[in-house]
Amino acid sequence: MRRLLSALLLTLLFACAAPCAALSMETSGGTAGSVVTVTLDAPAFITFQMNGGVPVYASGTSASFLPRSAGTLTISAEAGGEAATAAVAVTVSTGSSGGNGGVGGSSGGGGSSGGISWRTVTLDSGTFVVTADNSGKQYNVSRQTALGALDAARVSYSVEDSYYDEYGSLFIISVRGRENGGAAGWMYLVNGVSPVQGSNAYTVSDGDEIIWYWSESMSSTYETSGDIIYLKARITTVDTTSGTGNSDDEISSGTTTSGGRTTEHFLLGLPEGATLTLAEWGEIFALNLSEAKAAGETITFDGNDIITTRSNVAMTIRLFDFKKDGDVLTGIIEKITIDITPVTSDFSGIGEVAGFFTADLHIVPVDSPITATLLEKLTDETRTACIGAASRSGKAITSFAFGMEITTGNLEDGTDIGTAIVRMAVRPEWVEEHGGTGTIQILHRTDDGSIEMLATTMVGKDEAGRMIFEAISPNGLSLFVLTALGEETNGTPPELGSPRYSDSLLSAPGESAAGMGDTSLMIQGGLALLVVSIIGVGLYGFRRKNYER
């Protein structure tokens, strides 16, 4: 009897001490510039940390992180006393050189010089935020600089700030995952001259030619380099009406403002001279450049990307097996992305605001209308749903800034529309009044009415000085709300956001990690009570049997 009781006691104590279910984690992705997603079998508090830098937080059963450079992404999750970790090696995808692209770049409307293919980058008068790898400090950098040109080219890079206090310069330590080492490293030229200051501090002018190249030694020149990026600066202020498009029956756009609502209309479609052919291995895209230019289309190139820019929207089609035969470009469609120009308004009590987005499409849009509406007032139903979602995550909404509602025609979320990057801009005064950048969060009301809390980052300022906040929406487009959050007075759950500026992150809907611990404790408490009861009954029976003897 004693042996039986001892075995039973050890078994129950082990069951009580051991977790009820191990937290399981799966990750996908591992390329700089592409989303890394973590999926859990239970809601948890999730931490992302890139190269040991500033941690970024989320909660739920799924979250994603957008690394912008190569290195190691450490992911940890905690729920109910359970923990899971993963280390993702983030690499840089070099891609293919494309049909008419040069080394490290391709023609972007800037033409060629001496056989060199230049890529034109448009630099407005705003700023963007850069985080130094060595210190974790954030710096506002003018877009109209040599570093701004590299950033506008959407090339991954990293910097360090060891010489910033003395010279005001940030030092480039890697580009496209290729890190400096010894006497070898990255250098830049502007109009053939090597500046004596950091690229973040060197202001460029309209038409300047910026060359970034890998140098094997301090005496090396770009002519002998095998890794070169050719950029040509186009200086402009943001003009949402510029650009040449098709006739009115091919693209319709315009802005209307009424009763606290500002709406911008967009129309997506193939450029003139483009055809689609369905093949066994995919959809083949062909573009006759002569026909496109004759119709007034604005076509530029970035490697294997063909970019069609109209008055208020740009569509990028990435091609695989990209070929050029005379004036005809062909390739298999690999990816389609749309970018809309900012929709702006001026709301009472908050001032000037703006909203815009980038979205991946799974189909080629044909006469697909999109509207983006900025909302000064939200419905009571939406406000209540947002407050409830924040409360379930241990937060309280201290203020609603504004909403951005996006509607689409001939395109469905999940089927035709994939991941979207949403950006909402507001005056710095409003941000400071409501606790600073770390309190700002974008909420997403999905098509089924549920609310997602998208972890949000401040990525810079626009030309009007508004702070731009960015979030990744995994479930397409609908209504997005910019809010300020605070802690609930009845508890201190883990934070869902942090003042992280240089990387992007999203959190999927689900129960908050807060409360998971309570459930686990209740289960373990019940097991402990069961153990005590069984032991008591067993001892009572054992003593009674001995007494009867």
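I looked first at the ring cluster, in which ring pairs link Tyr-188, Tyr-202 and Trp-212; rings of Phe, Tyr and Trp (its six-membered ring) pair if their centres lie within 6.5 Å, and planes under 30 degrees apart count as stacked, over 60 as edge-to-face and the rest as tilted. I kept in mind that this is a predicted model, in which local features need pLDDT of at least 70 and side-chain atom pairs count only at pLDDT 80 or more, while totals for chains, interfaces and linings use all residues. Residues are numbered from 1 along each chain as its sequence is written, and side-chain values use heavy atoms, with hydrogens and water left out.

By the ring rule I noted four aromatic pairs. In one of them, Tyr-188 and Tyr-202 have ring centres 6.4 Å apart and planes at 70°, so I entered the pair as edge-to-face. Tyr-188 lies in strand E14 (residues 185-190) and Tyr-202 in the loop between E14 and strand E15 (209-215), so this pair ties together parts that are 14 residues apart in sequence; strands here are DSSP runs of at least two residues, numbered from the N terminus.

I then checked accessibility, where buried means under 20% relative accessible area, exposed over 50% and partly exposed in between (1.4 Å probe, protein chains only). Tyr-188 is buried, at 9%, whereas Tyr-202 is partly exposed, at 24%.

For Tyr-188 and Trp-212 I found ring centres 5.1 Å apart and planes at 25°, so that pair is stacked. Trp-212 lies in strand E15, and its pair with Tyr-188 in strand E14 therefore ties together parts 24 residues apart in sequence. Trp-212 counts as buried, at 1% relative accessibility.

Technical notes
Helix = DSSP H or I, 4+ residues; strand = E, 2+ residues; numbered from the N terminus.
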